[in-house]
Amino acid sequence: MNEFLVSLISGGCAGTATDLAFFPIDTLKTRLQAKGGFFQNGGWKGVYRGLGSALIASAPSASLFFVTYDGCKKFFKAELMPLLKNENLTLNVSHMAAASLGEIAACLVRVPAEVIKQRTQTSKFSSSLESLKYILRNENGEGVIRGLYRGWTSTIVREIPFTTIQYPLYEYMKLRWAAHQQIEKVSPLQGALCGSVAGGFAAAVTTPLDVLKTRIMLSSHKISLGQVASQLYKEEGFAVFWSGVGPRTMWISAGGAIFLGVYETVSSFLTAEEKTKLG
């Protein structure tokens with residue numbers, strides 16, 4: 001099995017497993033960040049609302065990320081090493097650039113799913129299908145494509161800083177742990193632990209960007225990133241930018257362990273199977 005298929009299958013398994021396991025925590029985080037607060041947007045009820053759109057999008061978006069990330073990572077390493085002439089710098093820059101491109105690719109699927117999911121999570125609609133139909137009817141006049149991709153810029157603004165923190169840290173921790181044990185590659189369990197730490201840290205420091213993204217997606221009309229940031233600060237104060245930091249950090253920390261752990265496990269299994277067949 002070639003590397004493209006390994007990334008495709010491993011990424012799909014990782015995305016589906018993570019969304020299925022941690023969806024309720026994501027719902028709680030979204031309701032904490034939404035205008036009006038937690039209880040006005042559904043409280044503890046219906047924490048699996050919007051799960052359908054998340055599951056439909058999770059496998060293709062995660063597969064798009066890892067296909068892009070794994071391919072670009074190798075390309076950048078080969079191309080940048082002669083220019084930078086420093087292995088550590090080359091690795092860090094390669095991981096940051098590859099992860100950023102991976103997130104942009106994944107957002108082609110993730111953003112429409114997030115718009116539908118978050119409007120359902122906050123009880124604006126009773127189901128993902130109802131939320132999708134509202135956008136397709138273009139009732140607010142902004143256009144179907146614009147409606148589906150509401151919050152594209154704010155999502156990219158959130159995801160690129162997040163991923164440029166998470167993945168270089170994740171790769172660095174794996175390398176250091178492997179070197180400490182004097183082995184070539186850490187186990188999937190150790191990779192999952194590295195993913196948990198890296199994901200939790202990146203999630204915490206990018207929470208304000210996540211709040212902005214959530215408010216833009218939930219807005220009843222089109223609004224810019226600058227407008228929503230100014231409005232939030234004036235009406236709700238600085239503390240609102242850290243709404244949901246606990247659930248977000250907990251969800252992505254635990255989710256990072258499953259996401260990257262499942263990816264490492266499936267990838268190692270498929271690679272080992274291929275080597276067995278060749279042997």
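**Note on the cavities, the largest pocket and one helix pair**

1. The second largest cavity is lined by R119, Y134, I135, N138, E139, N140, E142, G143 and G147. About 40 Å³ of space lies in this cavity. By class, its lining divides into two nonpolar, four polar and three charged residues. The model is a predicted one, and every value below should be read with that in mind.

2. How many cavities of 30 Å³ or more does the structure hold? There are two. Rolling a probe the size of a water molecule over the atoms shows where empty space is left.

3. The largest cavity holds about 690 Å³ of space. Its lining is made up of 32 residues, and those closest to the centre of the cavity are T18, D19, R110, E159 and W251. Two or more lining residues come from each of these elements: α1 (3-33), α2 (51-84), α3 (87-121), α6 (152-181) and α10 (245-278). Sorted by class, the lining of the largest cavity has 12 nonpolar, nine polar and 11 charged residues.

4. Where does the largest cavity lie with respect to the domains? Residues of its lining come from both domain 1 (1-34 + 152-278) and domain 2 (49-150), so the largest cavity lies between them.

5. The largest pocket has a volume of about 1000 Å³. It is lined by 33 residues, of which D70, K73, K74, K174 and K185 are the closest to its centre. The elements giving two or more residues to this lining are α1, α2, α3, α6 and α10. Which element gives the largest share of the lining of the largest pocket? That element is α2, with nine residues.

6. By class, the lining of the largest pocket has 14 nonpolar, seven polar and 12 charged residues. Domain 1 (1-34 + 152-278) and domain 2 (49-150) both contribute to this lining, and therefore the largest pocket lies between the two domains.

7. The last point concerns a pair of helices. Two packed helices are described by the angle between their axes and the distance between the axes. For α6 and helix α7 (residues 188-205), the axes come within 8 Å and cross at roughly 150 degrees. Angles over 145 degrees count as roughly antiparallel, and therefore α6 is roughly antiparallel to α7. The crossing in which α6 passes α7 is right-handed. Helix α6 is also one of the elements that give two or more residues to the lining of the largest cavity and to that of the largest pocket.

Note on methods: Residues are numbered from 1 along each chain as its sequence is written. This is a predicted model: local features need pLDDT of at least 70, side-chain atom pairs count only at pLDDT 80 or more; totals for chains, interfaces and linings use all residues. Side-chain values use heavy atoms; hydrogens and water are left out. On a 1 Å grid over the protein atoms alone, a cavity is a set of points where a 1.4 Å probe fits but cannot get out, and a pocket is an open set with protein on both sides within 12 Å along at least five of seven lines; lining residues have an atom within 4 Å of a point. Grid points are joined across faces, edges and corners, and a volume is the space filled by probe spheres set on the points. Helices (H or I, at least four residues) and strands (E, at least two) are DSSP runs, numbered from the N terminus. Ala, Val, Leu, Ile, Met, Phe, Trp, Tyr, Cys and Pro count as nonpolar, Asp, Glu, Lys and Arg as charged, and the others, Gly among them, as polar. Domain bounds come from an automatic or database domain assignment. Axes are lines fitted to C-alpha atoms, for helices over the stretch in contact, and angles run from 0 to 180 degrees between N-to-C directions. Angles under 35 degrees count as roughly parallel, over 145 as roughly antiparallel, 65 to 115 as roughly perpendicular and the rest as oblique. A crossing is left-handed if the near helix is turned anticlockwise from the far one by less than a right angle, and right-handed if clockwise.
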